[in-house]
Amino acid sequence: MRPDEAKHDLLVLGLPETGKTSFLAALSYVTRAGEVPTVMSLADYQPDEKYITEIKDDWMDFKVVPRHTDQLSAKPVVLSLKDAETAYELGFPDVSGEIVLYAWTTRQWPRFFEELVKQSSAAIVFVHSTSYEQGITIDPVTSKLVALTRKALATPVAEPKDFDPDKVPTQVRLVDLLQLIRRRQEARSAPTAILVSAWDLVIDARTPSAWLQEEMPLLYQYLQSGATKFPYKVFGISATGGDPVKDRERLSKLPNASSRINVWGASEHPSHDLSLPLTWLLKR
Amino acid sequence: LEDSAGSTTDKQKKEEIVDVLLQPEETGDEAQGPVDEATRISLGSSDELSVALANDILKSRYCTVVVVGGEHLCGKTTFVSGLYQSFAFGGLGEFEFAGSETLYGFEFRCHKARLISNEPAIGSTRTRGLDARFLHIEVESRPKGRSNILLSDISGEMFEAIRASGEYCASLDVMRRADHFIYLVDGAAIANRYTRASVRDHATTAFRRLLTAGVLERGTPVRVIFNKSDVLRDADEEAASLVLRIKTELAQILGPHFDLKFIDLNSHCLFDRDERSIEAIEFLKEWTTYTKAQSWPALSLQQLHFSGHSIDMLGVS
């Protein structure tokens with residue numbers, strides 16, 4: 001490694017189907033294609049790029065980018081990227097979302113994941129903008145009506161469903177996960193980028209940070225209260241620009257494939273530069 | 001909790017899935033052997049804390065210990081889990097959620113209360129047994145900074161035992177460590193003329209026992225909550241008279257020695273996004289303002305005896 005090179009192991013986390021692999025595919029494309037201005041660009045090819053080539057090809061061809069099952073273990077995808085000053089060797093372990101999913105219920109994770117957590121210098125946490133567990137919420141009006149109706153009809157009260165730990169709100173799982181990770185990173189202040197994927201589906205004018213505050217308030221408060229030691233930033237991303245199948249026609253008419261990508265939260269206006277969250281993480 | 005883990009069949013099924021999931025990848029020339037413990041890392045429980053585990057937290061950081069007591073079905077668990085739920089709806093005034101060692105424990109307790117918030121007969125899950133259990137929450141407020149709070153989740157059975165046995169009562173060192181003591185009175189039981197007589201008797205007897213045993217230290221803030229206040233509001237005049245009588249008697253028993261306040265509350269409102277804030281903020285303000293540990297920084301490890309088990313616990317020297 002040259003003196004102006006920096007090696008970073010990034011921890012890439014998220015529940016299943018939150019867009020981790022699509023992000024990786026789109027990132028590798030946009031930093032190589034040179035179709036739009038990006039802060040980071042390809043520095044060098046890796047000796048073995050079979051996996052990244054496959055997912056990038058799927059992404060380019062409007063195919064749903066599948067998570068490749070042979071990537072279940074710790075082997076990170078390495079990307080060599082550079083900005084104006086530094087070349088980075090970035091390790092992206094494409095960790096299965098199931099590991100995150102079951103950490104909550106089984107209270108264990110694989111040893112290789114433990115090592116990743118300990119080695120990583122920054123974390124990227126994926127949250128899907130529309131597909132997440134909110135938990136059972138209370139509608140005061142409905143519940144009052146139910147209670148009144150029961151009273152009026154003198155019907156026996158039905159026993160509520162048993163507690164299912166798999167149905168807890170996504171924000172609770174993520175707080176639990178971040179607590180576990182941060183306990184192992186006490187010695188260093190690893191920054192966290194929260195990437196809200198499929199941001200094109202958020203049709204209101206909220207910023208990504210405001211979205212997190214309203215949709216996942218427990219996670220937002222947890223991040224906010226720990227922000228001095230563990231800096232964080234929320235980005236909205238659309239790595240595919242829409243549904244690769246349903247929106248294919250519209251997406252194919254864009255000037256280039258990089259224009260499908262959009263990133264919100266890095267500056268006032270959205271950008272096609274998917275390396276912006278990385279730039280933020282690496283400059284902490 | 002035994003019943004929180006699901007049925008045996010579900011558990012086995014889940015373990016099988018996880019075994020497959022956590023199995024190291026076979027990469028041909030680097031084929032791995034069968035899964036063993038060396039391939040996994042235990043993450044520790046995030047369920048409720050036993051006294052011993054609560055002690056570990058007390059040893060590592062300043063904590064406010066809040067003991068929440070009361071008879072069966074008075075709403076203790078709903079009160080405790082409702083405070084956590086309030087944070088899940090958003091920040092509470094100057095307070096932000098900063099973490100919890102017992103997220104699973106809170107979620108388990110919140111489940112039924114979330115499902116049907118206005119059905120007192122269901123409420124949250126019922127706590128059983130004579131051992132205290134604790135839930136932990138860390139909050140941050142400006143300019144105070146971070147505060148750790150341990151909330152006890154103790155059973156109605158424990159209060160039956162307190163009323164019945166002076167010896168048992170004297171063994172409750174967890175009460176001595178209480179920085180704040182919350183006693184919930186079941187407003188629905190007062191509203192019901194068939195159950196109201198016992199409410200007064202239970203409340204006054206429990207406090208007399210605790211004072212006689214000397215486990216409730218003088219100066220401890222005591223908050224008596226008349227819970228299910230919505231039911232109480234619609235009750236007859238006799239219920240109102242009884243409330244007044246209970247207040248008068250408790251003031252006589254506790255008044256000269258304790259910082260006593262009476263509060264009307266419907267703890268189910270803590271599960272209502274729009275109504276949760278005011279009460280929850282007031283409690284947090286009190287709990288983050290006064291702790292014995294902060295009042296007496298010269299702490300010593302006391303050998304306490306609780307439920308027949310010898311334990312180490314931070315106490316006041």
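Colleague: How much space lies in the largest pocket?

Modeller: About 1100 Å³, in what is a predicted model.

Colleague: What makes this a pocket and not a cavity?

Modeller: A cavity is a set of points from which the probe cannot get out, whereas a pocket is an open set, so the word pocket says that this space is open. Its lining has 44 residues, and Pro16(A), Glu17(A), Thr18(A), Gly19(A) and His128(A) lie nearest its centre. Two or more lining residues come from each of α1, α3 (97–106), β6 (122–128) and α6 of chain A. Of the elements, α3(A) gives the most, with 4 residues.

Colleague: How does the lining of the largest pocket divide by class?

Modeller: Into 17 nonpolar, 14 polar and 13 charged residues.

Colleague: How many cavities of 30 Å³ or more does the structure hold?

Modeller: The structure holds 2. The largest has about 40 Å³ of space, and the second largest has a volume of about 30 Å³.

Colleague: Which residues line the largest cavity?

Modeller: Trp59(A), Phe62(A), Lys63(A), Val65(A), Thr240(A), Pro244(A) and Arg260(A) do.

Colleague: What makes 4 of the residues in that lining nonpolar?

Modeller: Trp, Phe, Val and Pro are on the nonpolar list, so Trp59(A), Phe62(A), Val65(A) and Pro244(A) fall in that class. Lys and Arg count as charged, so Lys63(A) and Arg260(A) are the 2 charged residues. Thr is on neither list, and therefore Thr240(A) is the 1 polar residue.

Colleague: And which residues line the second largest cavity?

Modeller: Val12(A), Lys20(A), Phe23(A), Leu24(A), Phe92(A), Pro93(A) and Asp94(A). Both α1 (20–33) and β4 (87–93) of chain A supply at least two of the lining residues, and the largest share, 3 residues, comes from α1(A). By class there are 5 nonpolar, no polar and 2 charged residues.

Colleague: Why is Ala239(A) called buried?

Modeller: Buried means under 20% relative accessible area. Ala239(A) has 8% relative accessibility, so Ala239(A) counts as buried. Ala239(A) lies in the loop between β8 (232–238) and α9 (248–252) of chain A.

Colleague: What is Ala239(A) in contact with, leaving aside its neighbours within four places in sequence?

Modeller: Ser22(A), Phe23(A), Ala26(A), Trp59(A) and Ile261(A). Among these, Trp59(A) also lines the largest cavity, and Phe23(A) lines the second largest.

Colleague: Which members of the largest nonpolar core touch the most other members?

Modeller: Trp109(A), Phe79(B) and Trp287(B), out of 75 residues. Helix α6 (residues 170–183) of chain A gives this core its largest share, 7 residues. Another core, of 47 residues, lies apart from it, and includes Phe159(B), Ile162(B), Val222(B) and Leu232(B).

Colleague: What makes Trp287(B) and Phe79(B) a contact pair?

Modeller: Contact means heavy atoms within 4.5 Å, and Phe79(B) is among the residues in contact with Trp287(B), so the two have heavy atoms within that distance. Leaving aside neighbours within four places in sequence, Trp287(B) is also in contact with Thr64(B), Val66(B), Leu83(B), Ile149(B), Leu151(B), His180(B) and Ile182(B).

Colleague: Where in chain A does pLDDT stay under 50?

Modeller: Over residues 138–146, for which the model has 10 contacts beyond four places in sequence. The pLDDT is also below 50 over residues 152–159 of chain A, a stretch with 7 contacts beyond near neighbours in sequence. For chain A, the mean pLDDT is 84, and 86% of its residues reach 70 or more.

Terms used
Residues are numbered from 1 along each chain as its sequence is written. Chains are lettered from A and ligands numbered from 1 in the order in which they are written. This is a predicted model: local features need pLDDT of at least 70, side-chain atom pairs count only at pLDDT 80 or more; totals for chains, interfaces and linings use all residues. Side-chain values use heavy atoms; hydrogens and water are left out. A nonpolar core is a set of buried Ala, Val, Leu, Ile, Met, Phe, Trp, Tyr and Cys residues joined through side-chain atoms within 4.5 Å. Buried means under 20% relative accessible area, exposed over 50%, partly exposed in between (1.4 Å probe, protein chains only). On a 1 Å grid over the protein atoms alone, a cavity is a set of points where a 1.4 Å probe fits but cannot get out, and a pocket is an open set with protein on both sides within 12 Å along at least five of seven lines; lining residues have an atom within 4 Å of a point. Grid points are joined across faces, edges and corners, and a volume is the space filled by probe spheres set on the points. pLDDT is the predictor's confidence in each residue, from 0 to 100.
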